[in-house]
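I pulled up a model today and went through it piece by piece. These are my notes, in the order I looked things up.

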Amino acid sequence: MSGFDPNYVHVNHFFIVGGKAIVLNSENKILVMKRATEMSGKWSLPGGALDEGEDPVDGIRREIMEEVQITVTEPKPYHVKLNKTGSGDSAVVIGYVCKAESENVVLNWEHTEFKWVTKDDGLTLDLTVDGRVFLE
């Protein structure tokens with residue numbers, strides 16, 4: 001018996017794809033940023049959603065540049081997470097690790113402060129869910 005079902009109807013599945021980055025400085029400390037109060041006020045890692053048709057590595061480089069005005073070397077994926085966004089959309093979030101080429105952080109409007117922390121110190125902060133998952 002074949003597995004063909006003449007009544008099968010294909011259902012499209014759509015996901016937002018994004019990234020979060022562990023950005024390391026010359027002392028191997030991790031960059032964390034405090035989100036603006038309007039955006040939760042929690043600490044997080046640089047990252048965000050891909051633009052349509054954007055390569056994931058190009059996307060994480062762009063997000064880091066937009067959020068903190070630094071370039072990074074060789075983002076390498078190390079973890080993938082599936083979750084729901086606040087609006088109920090499904091999202092695939094890719095975790096990267098990379099090195100900062102500079103430590104001259106300039107925050108955009110999304111964040112109010114930043115620090116370079118050890119992993120243990122970062123885990124004591126009030127982190128976003130994704131920030132905690134990728135830092136752990």
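**Entry 1: β6 and its partners**

I started with β6: 8 of its 11 residues are buried, so this strand is largely enclosed by the rest of the structure. For me, buried is under 20% relative accessible area, exposed is over 50%, and partly exposed is in between, with a 1.4 Å probe and protein chains only. Before going on, I noted that this is a predicted model, where local features need pLDDT of at least 70, side-chain atom pairs count only at pLDDT 80 or more, and totals for chains, interfaces and linings use all residues. I also noted that residues are numbered from 1 along each chain as its sequence is written, and that side-chain values use heavy atoms, with hydrogens and water left out.

Elements are DSSP runs numbered from the N terminus: helices are H or I of at least four residues, strands are E of at least two. Two strands pair if DSSP finds at least two bridges between them.

Which strands does β6 pair with? I found β5 (residues 72-84) running antiparallel to β6 (residues 90-100) over 10 bridges, while β1 runs parallel to β6, joined by 9 bridges. On the β5 side, Lys-84 stands opposite Ser-90 and Leu-82 stands opposite Val-92. On the β1 side, I see Ile-16 opposite Ala-91 of β6. The β5-β6 hairpin has 5 residues between the strands, and Gly-88 there takes a positive phi near 90 degrees.

**Entry 2: the whole chain**

I stepped back for the overall count and got 3 helices and 7 strands. Read from the N terminus, the order is β-β-β-β-α-β-β-β-α-α. The C-alpha atoms fill a box of roughly 60 × 30 × 25 Å along the principal axes. Of the 136 residues in the chain, 40% are buried. I then looked at contacts (heavy atoms within 4.5 Å). Among those between residues at least 6 apart in sequence, 64% join residues at least 24 apart.

**Entry 3: helix α1**

Next I checked α1, residues 56-68. Its 13 residues reach 18 Å from first C-alpha to last, close to the 18 Å expected at 1.5 Å a residue; the expected span is 1.5 Å times one less than the number of residues. At the N-terminal end, Asp-55 is the cap, with a side-chain oxygen 3.0 Å from the backbone nitrogen of Val-57.

Which residues of α1 are buried? I listed Gly-59, Ile-60, Arg-62, Glu-63, Ile-64, Glu-67 and Val-68. An α-helix has 3.6 residues a turn, so residues three or four places apart point the same way. The cover over the buried residues of α1 includes β1 (16-24), β2 (30-35), β4 (47-49), β5, β6 and β7 (111-117).

**Entry 4: loops and positive phi**

Right after α1 comes Gln-69 with a positive phi, near 60 degrees. Gln-69 sits in the loop between α1 and β5 and is partly exposed, at 45% relative accessible area.

Asn-28 also caught my eye, as a residue other than glycine with a positive phi near 60 degrees. I placed Asn-28 in the loop between β1 and β2, where it is partly exposed at 47%.

What does Val-106 touch? Leaving out residues up to four places away in sequence, I found Glu-67, Val-68 and Gln-69. Val-106 belongs to the loop between β6 and β7 and is partly exposed, with a relative accessible area of 47%. From Val-106 to Ile-70 I get 7.9 Å, C-alpha to C-alpha, across 36 residues of sequence.

**Entry 5: the largest pocket**

Last, I looked at the pocket list. The largest pocket holds about 520 Å³ of space. Of its 25 lining residues, Lys-20, Gly-48, Ala-49, Thr-85 and Asp-130 are closest to the centre. Here a pocket is an open set of points on a 1 Å grid over the protein atoms alone, where a 1.4 Å probe fits, with protein on both sides within 12 Å along at least five of seven lines; lining residues have an atom within 4 Å of a point. The volume is the space filled by probe spheres set on the points, which are joined across faces, edges and corners.

Which elements supply the lining? At least two residues each come from β1, β4, α1, β5, β6 and α3 (129-135). The largest share, 5 residues, is from β1.

Notes
A polar contact is a pair of N or O atoms within 3.5 Å; within protein, one must be able to donate a hydrogen and the other to accept it, and residues adjacent in sequence count only if both atoms are side-chain atoms.
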